[in-house]
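Biologist: Thanks for sitting down with me. Could you put the model on screen so that we can go through it together?

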Amino acid sequence: MGYIEANKEAWEEAFEHRLPGWGEDVAERLQREELPFLNPDLARELRSMGLAGKHVAQFCCNNGRELLSLMQLGPARGVGFDIAENVLGQARDAARGAGVERCSFVAGDVLAIPPAYDGAFDLVLFTIGAVTWIEDLDALFGKAATCLKPGGAVVLHDFHPVMNMLPLPGEPGFDAERPSLAYSYFRSEPWIENEGMGYMSGCYESKTFTSFSHTMSAIVNAVCRAGLHVTKLDEFDYDVGLTDAYDGRGLPLSFLLTARK
């Protein structure tokens, strides 16, 4: 079994172990809040793109909450792609509950999105923690470029690669007052984990999750090799999901990249 198939099993198991109430507030928040699940800097970038009437997609969309938030900006169609079928079941329930009928969700490996979606989208969105699950960035951004219309954009909002160097709370070497580097920026071996998916499920003895570190140059170069023109790269000193312990300390903790086909 390859790592992608193993990750599918691990994610679906994690969803079955999900914490009480996890993801069940998506429809309700979409009905009463504006762009509830989008980071403010990401929301600002997406607003500037004029997405009304456009076709948008999110790769590795998890339970769809970010894509469903994005649909408030008026796209004519949205499609979310993710490997975990049961997580997408929750996404579909949230779409129905929020009355977002023009948004659908497709289960499968994002590297194998079928040709029916070639040239289909004005935007392909990647959000927090998406690219870490894919080893071959050339294949990933190549697929994104294939799915874009001419002039379409990729937007990538994620942890900064420097986050992979920093120990998290509870790990050896963690010191919030005096941050130190515990791992190599150029780490080539994958991360192998069997402790569940903490934010979704808490900790338990789980099936194996395999993820990968990517440097900023690896990300930018793969985007360029896919035939995409980088138009913006912003870096921020706040984390976007792992810990706030390092926020505001002068470290690059998250980034936002936009590129055009």
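Biologist: What is the mean pLDDT of the protein chain?
Modeller: This is a predicted model, where local features need pLDDT of at least 70, side-chain atom pairs count only at pLDDT 80 or more, and totals for chains, interfaces and linings use all residues. Residues are numbered from 1 along each chain as its sequence is written, and side-chain values use heavy atoms, with hydrogens and water left out. pLDDT is the predictor's confidence in each residue, from 0 to 100. In the protein chain, 100% of the residues reach 70 or more, and the mean is 97.

Biologist: Where is confidence lowest in the protein chain?
Modeller: Helices (H or I, at least four residues) and strands (E, at least two) are DSSP runs, numbered from the N terminus. Confidence is highest in E4, at 99, while the lowest mean, 91, belongs to helix H7 (residues 198-201).

Biologist: Which strands stand at the edges of the seven-stranded sheet, and why is one side of each without a neighbour?
Modeller: Two strands pair if DSSP finds at least two bridges between them. The open sheet has mixed pairing and runs in the order E3-E2-E1-E4-E5-E9-E8. Each edge strand has a single partner, so one side is left without a neighbour in the sheet: these are E3 (103-107) and E8 (229-236).

Biologist: In which sense do E2 and E3 pair?
Modeller: Asp82 has Ala107 in E3 as its bridge partner. Five bridges join E2 (residues 77-82) to E3, and the sense is parallel.

Biologist: What angle does the direction of helix H8 make with that of E8?
Modeller: Axes are lines fitted to C-alpha atoms, for helices over the stretch in contact, and angles run from 0 to 180 degrees between N-to-C directions. Contact means heavy atoms within 4.5 Å. Helix H8 (residues 216-225) packs on the sheet and touches E5, E8 and E9, and its angle with E8 is about 160°.

Biologist: Why is Cys224 not bonded to its closest cysteine sulfur?
Modeller: A disulfide is a pair of cysteine sulfur atoms within 2.5 Å, and a search of the whole structure finds zero. For Cys224, the closest cysteine sulfur is that of Cys147, too far for a bond at 19 Å.

Biologist: Is His160 buried or exposed?
Modeller: His160 sits in the loop between E5 and strand E6 (191-193). Buried means under 20% relative accessible area, exposed over 50%, partly exposed in between (1.4 Å probe, protein chains only). With a relative accessible area of 4%, His160 is buried.
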